[in-house]
Amino acid sequence: MSNIADDTIIQESIGLLQSLIRTPSFSRNEQVTATSIEQFLSSKGVPVQRHLNNVWALNQHYDPSLPTILLNSHHDTVKPNSGYTRDPFDGQVADGKLFGLGSNDAGASLVALLFTFLHFYHQQGLKYNLLFAATAEEEISGKDGIESLLPLLPPIAAGIVGEPTRLELAIAERGLMVLDIEINGRAGHAARSEGENAIYKALADIDWCRNYQFEKVSNLLGPVQMTVTVIETDNKAHNIVPAVCKLVVDVRINELYSPEEVLAVISSHVKGQVVPRSLRLRSTSISTDHPLVKAGIQMGKNCYGSPTTSDKALMPFPALKMGPGDSMRSHMADEFVFIHEIEEGINTYIQLLNQVI
């Protein structure tokens, strides 16, 4: 692949990413990084708009009669885990790697999409408009992120969501539904074998979640997966039979089911009371015939189904998840992205869009 971005652009992108890494931006606390991105775009002569901690801009020759492609990634991060041996906010470059919290997920994608947007910003005669959006609260699927911004944006025909995919084409991704299940028994004294043990009653529901197989299996995402991740009771005393046992179930949904369909199946089989925390994070897919996907395939990129969930789940239009870095590094200690991955990200995005716009 030819290098479109010159050394100045690469160094500037690295510098911006280092600045973002050095500014803590945990979900719901992204005010400062939002301001940094806003100021950077303004310094390039780009009129910027902001909603909460979401920053967005349109290409200079925006034409409302043309379809618009969204270039989106997030600038919030999780909190660093206890395994870090480096300062998570240092942004140090060593051995061809840029270290720091959010460097891989999803800072590299964010700066690569930003500089891709700047590459096309002044161009006239495009077939599509470009809309760049750096958004908040992705890591917690918060409602003040992309979901709050979309109603304020012009109509969008398609999107590129920047997440670490090794620059392969994630054309589908699992939806996520978290369930709280409450099983009720009857309290009693353990020594006298009194009561009705809610834990024992819960075992049947746990066993069902572990073994049930949904009928529809996706070629891209495989089967719907259920995992019991939390078990708790209403008391901590060793000698009281618990009256209530609560389960948390992580459900990963393929594109062949809606959350409502999966919820109905689960509710009809388990004995406990099932309450979904949200039905928002739906499984999504984009056709291999879509111009963005076809352009990527022509570049030799592979299509796959992503097991992780992103802001793509909240977009009511076709979106391709694609970005530099590796999902395996996300949220790990001493997170890093290779310098060459940032360069490849910018060049790949530009080459992809050159075939479309």
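Trainee: How many nonpolar, polar and charged residues does the lining of the largest pocket have?

Mentor: The lining of the largest pocket has 9 nonpolar, 11 polar and 12 charged residues. Ala, Val, Leu, Ile, Met, Phe, Trp, Tyr, Cys and Pro count as nonpolar, Asp, Glu, Lys and Arg as charged, and the others, including Gly, as polar. The model is predicted, with pLDDT of at least 70 needed for local features and 80 or more for side-chain atom pairs, while totals for chains, interfaces and linings use all residues. Residues are numbered from 1 along each chain as its sequence is written, and side-chain values use heavy atoms, without hydrogens and water.

Trainee: What volume does the largest pocket have, and which residues lie nearest its centre?

Mentor: Rolling a probe the size of a water molecule over the atoms shows where empty space is left. Here the largest pocket holds about 760 Å³ (the space filled by probe spheres set on grid points joined across faces, edges and corners). Among its 32 lining residues, Glu138, Arg252, Thr308, Thr309 and Ser310 lie nearest the centre. The strands β9 (175–184) and β16 (303–306) each give two or more residues to this lining, and β9 gives the largest share, 3 residues.

Trainee: How many cavities of 30 Å³ or more are there?

Mentor: The search of the whole structure finds 1. The largest cavity has a volume of about 130 Å³. Of its 17 lining residues, Leu20, Ser25, His75, Thr77 and Gly102 are the closest to the centre. By class, 8 are nonpolar, 7 polar and 2 charged.

Trainee: Which element gives the most to the lining of the largest cavity?

Mentor: α3, with 4 residues. Both α1 (7–21) and α3 (103–120) supply at least two residues of that lining. Helices (H or I, at least four residues) and strands (E, at least two) are DSSP runs, numbered from the N terminus.

Trainee: What separates a cavity from a pocket?

Mentor: On a 1 Å grid over the protein atoms alone, a cavity is a set of points where a 1.4 Å probe fits but cannot get out. A pocket is an open set with protein on both sides within 12 Å along at least five of seven lines, and lining residues have an atom within 4 Å of a point.
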